[in-house]
Amino acid sequence: MLAIVLIAYRASVDEVNAHTPAHRAYLAALKEKGALVASGPFVPRTGGALLLRVDREDEIAAIIAGDPFHTNDVADHEVKLWAPTIGRELLDP
């Protein structure tokens, strides 16, 4: 199952920047486990997005709960389950 998580900053970019190293370390660990396909900020930097690969939908809430942007209350996370058709083969492990 694939999901896109839209991240919208609810704090200033300076405050977000204070938590960005921990956020990126967390995401790197998710990528290593295979749960994160890709991530990055929007341009202009008002938030970002995560592309997740999970087995069960409830895993998404646990991933968000562990994100330092969530635990430090600097961003909102919106989940969109995604069922790509064209290009799906590029996303399969």
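Buried means under 20% relative accessible area, exposed means over 50%, and partly exposed covers what lies in between. With that in hand, let us walk through this structure, which is a predicted model.

**Salt bridges**

At 23% relative accessibility, Glu59 counts as partly exposed. Glu59 has a salt bridge to Arg56, and their closest N and O atoms are 3.9 Å apart. Arg56 is itself partly exposed, with a relative accessible area of 48%, and Arg56 also forms a salt bridge with Asp58, where the closest N and O atoms are 3.1 Å apart. Elsewhere, salt bridges that share partners link Arg10, Asp73 and Asp76 into one network.

How many salt bridges does the structure hold? There are five. Three of them are set out here, with the separation of the closest N and O atoms in each pair.

| Salt bridge | Closest N and O atoms |
|---|---|
| Arg10 and Asp73 | 3.7 Å |
| Arg56 and Asp58 | 3.1 Å |
| Arg56 and Glu59 | 3.9 Å |

The pair Arg10 and Asp73 deserves a second look, with its closest N and O atoms 3.7 Å apart. Arg10 sits in the loop between strand E1 (2–9) and helix H1 (13–33), while Asp73 sits in the loop between helix H3 (68–71) and strand E4 (75–82), so this salt bridge ties together parts that are 63 residues apart in sequence. Are these two partners buried or exposed? Arg10 is partly exposed, at a relative accessible area of 48%, and Asp73 is partly exposed too, at 47%.

**Backbone details**

Asp73 comes up again when we turn to the backbone. What is notable about the phi of Asp73? Its value is near 55°, which is positive in a residue other than glycine. Most residues other than glycine have a negative phi, and most peptide bonds are trans. The bond that joins Val43 and Pro44 is a cis peptide bond, with omega about 0°. You will find Pro44 in the loop between E2 and E3.

Another loop residue to look at is Ala35, placed between H1 and E2. At 13% relative accessibility, Ala35 counts as buried, because buried means under 20%. The C-alpha atoms of Ala35 and Leu50 are separated by 10 Å, and these residues are 15 apart along the chain.

**The largest pocket**

Now for the pocket. The largest pocket has a volume of about 160 Å³. Which residues are closest to its centre? Of the 15 residues that line this pocket, those closest to the centre are His23, Arg24, Gly40, Pro41 and Phe69. Several elements contribute to the lining of the largest pocket: E1, H1, strand E2 (36–41) and strand E3 (47–53) each supply at least two residues. By character, the lining divides into seven nonpolar, six polar and two charged residues.

**A nonpolar surface patch**

Which residues form a nonpolar patch on the surface? They are Met1, Val79 and Leu81, and together they have about 240 Å² of accessible area. Met1 belongs to the segment before E1, and its relative accessible area of 41% makes Met1 partly exposed.

Key: Residues numbered from 1 in each chain as written. Predicted model: local features only at pLDDT ≥ 70, side-chain atom pairs only at ≥ 80, totals over all residues. Heavy atoms only, no water. Salt bridge = Lys/Arg side-chain N within 4 Å of Asp/Glu carboxyl O. Helix = DSSP H or I, 4+ residues; strand = E, 2+ residues; numbered from the N terminus. Buried < 20%, exposed > 50% of the residue type's maximum accessible area, 1.4 Å probe, protein only. 1 Å grid on protein atoms, 1.4 Å probe; cavity = no way out; pocket = protein on both sides within 12 Å on 5 of 7 lines; lining within 4 Å. Points joined across faces, edges and corners; volume = space filled by probe spheres on them. Nonpolar A, V, L, I, M, F, W, Y, C, P; charged D, E, K, R; others polar. Patch = residues over 30% accessible without salt bridge, like charges linked within 9 Å, V, L, I, M, F, W, Y side chains within 5 Å. Areas by Shrake-Rupley, 256 points an atom, 1.4 Å probe, with all protein chains shown as cover.
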